[in-house]
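Work through the exercises below with the coordinates open beside you, and attempt each task before reading its solution.

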Amino acid sequence: MHRSDAKTTPAADVTEADVVVIGGGPVGENVAARAVRGGLSAVIVEAELLGGECSYWACMPSKALIRPTQALAAARRLPGAREAVTGSVDAAAVLARRDSFTSGWDDGGQVEWAVGADITVVRGHGRVAGEKRVEVTAPDGTTTTIAARRAVVVATGSTPSLPPVEGLRDTPHWGSREATSAARVPASLVVLGAGVVGCELAQAFARLGSTVTLVASSTLLSKNEPRAGELVADALREEGVDVRLHTRAVSVSRESSDEDDDGDGPVTLVLADGTALVADELLVATGRRPAVGDVGLDTVGLPTDAALAVDTTGAATGLAQGSALDQGGQPWLYAAGDVTGDAPLTHMGKYVARAVGDVIAARARGEQVHDGAWGAHATTAQQQAVTQVTFTDPEVTSVGLTAAQAERAGLRTRVVDLDIAVAGSALHADGYTGWARMVVDEDRRVVVGVTFVGPDTAELLHSATVAVVGEVPLERLWHAVPAYPTISEVWLRLLEAYGL
């Protein structure tokens, strides 16, 4: 990891700014950029790499690991192309390409962008230190305070959450960071956890040459429609991954390969039924929690062990009495991204970040705030139209509500399910396996949720998102004619199955 400090500003040289953002991941960057666009000055305080988790240890490197083997699998599904594919995947080349997407874990390019966008970048650990104040501890240990004229924004993201497994905290293991930045492909890998990270990386390392066992206390992708997890589990098993569901891990230990006792030998995960799984590496992917523990929230009466609650404009709620508003009667503390616990996805965090930057600028100018549903300063999609892609093969893409969520919300719904079997999918791959679900609010006759499962269905997601966000009546959606022969023709089949 290399922090490029050539264009950063020492904390001691910054005394105040309109907006001070704690955390320089994609969310913090977007808050600052929108604030500057609105005529304000902005400072980002970042302790690690500017660009954050997504750029260096999550979205980008993980997808760089996944994409080459997906392309290879796609070629092997097509007669004619499959005959041209010889040999196995070049794991070293895949890792090298991954490195290029992280710029070798050097954030010089990100810093250059920020400075070019008139954002001041300060290296250090930032903490709220009372109303409109941020205390910064620089890498050399010195401490200074930056005053925010308008707002402080907490965008500190999230940290891995470890399950209560005996020995886990004291046993060297991989988290998502270690897995996505791995310098080698282990001969064997046990993955604990079957959410997005667990499923994606289990398949990625299996295709790169590891013998993989996936252990989950529930089903795969349990937050999605159940059928989605079933199809991904089938695909993983077909590729040789040992998938063990509804299984609890009880202890973990690791041997040392030499007398130094540095815990670099085989790791053993013991399951509740007594089974011992031994592998070269253990990847723990059991979720994340908001990073609020050392952000100074206690100085304004907020808890340091729970997500930072916000309203629909990103303004923090629950502050100590009298401290929620500044002397001008405006909110001064905001938060966006994973730290709020809402839809912890990079693209959703960036969406909220843009709204937060815009609303701070609007309030600074004394302009009206449009925070009603779907207003310019609201984050309505965070509640009603969250989009997500799990980049397994098959991909799992979704927007809006699952059938179960719609039922819990009290909607009178009709659910339409069908296999993706159209001319476009048949051309796309021999033996194409896919599935679609559309959840309809019967009272308004609009789509409130869509799930697609299948190779390359991620590119179908935005059409579904437009339908949900736009609350397009089914009768009008019928006139959105999908091109032939594309996989998008599944929309026609869904509407026909509904009865149009």
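The exercises that follow treat strand pairing, a helix pair, a cavity and a pocket.

The model is predicted, so local features need pLDDT of at least 70 and side-chain atom pairs count only at pLDDT 80 or more, whereas totals for chains, interfaces and linings use all residues. Residues are numbered from 1 along each chain as its sequence is written, and side-chain values use heavy atoms, with hydrogens and water left out.

**Exercise 1**

Determine which strands pair with β6, and in which sense they run.

Solution. Begin with the terms: strands (E, at least two residues) and helices (H or I, at least four) are DSSP runs numbered from the N terminus, and two strands pair if DSSP finds at least two bridges between them. Next, take strand β1 (residues 16-22), which runs parallel to strand β6 (residues 143-154) and is joined to it by six bridges; within this pairing, I22 has V154 as its bridge partner in β6. Then turn to strand β5 (residues 133-137), whose pairing with β6 is antiparallel and comprises five bridges, with V136 partnered by T144. β5 and β6 form a hairpin in which five residues lie between the strands, and G141 in the turn has a positive phi of about 90°. Finally, strand β16 (residues 333-335) runs parallel to β6 through three bridges, and the partner of V152 in β16 is L333.

**Exercise 2**

Work out the strand order of the open sheet that contains β12, and identify its edge strands.

Solution. The sheet has three strands in the order β11-β12-β13, with antiparallel pairing. Its edges are β11 (249-254) and β13 (276-279), each of which pairs on one side only. From one strand to the next the twist averages 20°. Looking at one pairing in detail, strand β12 (residues 267-271) is joined to β13 by four bridges, and V267 stands opposite A279 of β13.

**Exercise 3**

Classify the packing of α1 against α9 by angle and by handedness.

Solution. Two packed helices are described by the angle between their axes and the distance between the axes. Axes are lines fitted to C-alpha atoms, for helices over the stretch in contact, and angles run from 0 to 180 degrees between N-to-C directions. Helix α1 (residues 26-37) and helix α9 (residues 346-364) pack at about 25°, with their axes 7 Å apart. Angles under 35 degrees count as roughly parallel, over 145 as roughly antiparallel, 65 to 115 as roughly perpendicular and the rest as oblique; α1 and α9 are therefore roughly parallel. The crossing of α1 past α9 is right-handed, which applies when the near helix is turned clockwise from the far one by less than a right angle.

**Exercise 4**

Describe the lining of the largest cavity, and state which helix supplies the largest share.

Solution. On a 1 Å grid over the protein atoms alone, a cavity is a set of points where a 1.4 Å probe fits but cannot get out, and lining residues have an atom within 4 Å of a point. A search of the whole structure finds one cavity of 30 Å³ or more, and the largest cavity has a volume of about 30 Å³, taken as the space filled by probe spheres set on the points, which are joined across faces, edges and corners. The lining consists of I66, T69, Q70, E200, Q203, A204 and R207. Both α3 (59-76) and α7 (196-208) supply at least two of these residues, and the largest share, four residues, comes from α7. **Exercise 5**

State the volume of the second largest pocket.

Solution. A pocket is an open set of points with protein on both sides within 12 Å along at least five of seven lines, and the second largest has a volume of about 290 Å³.
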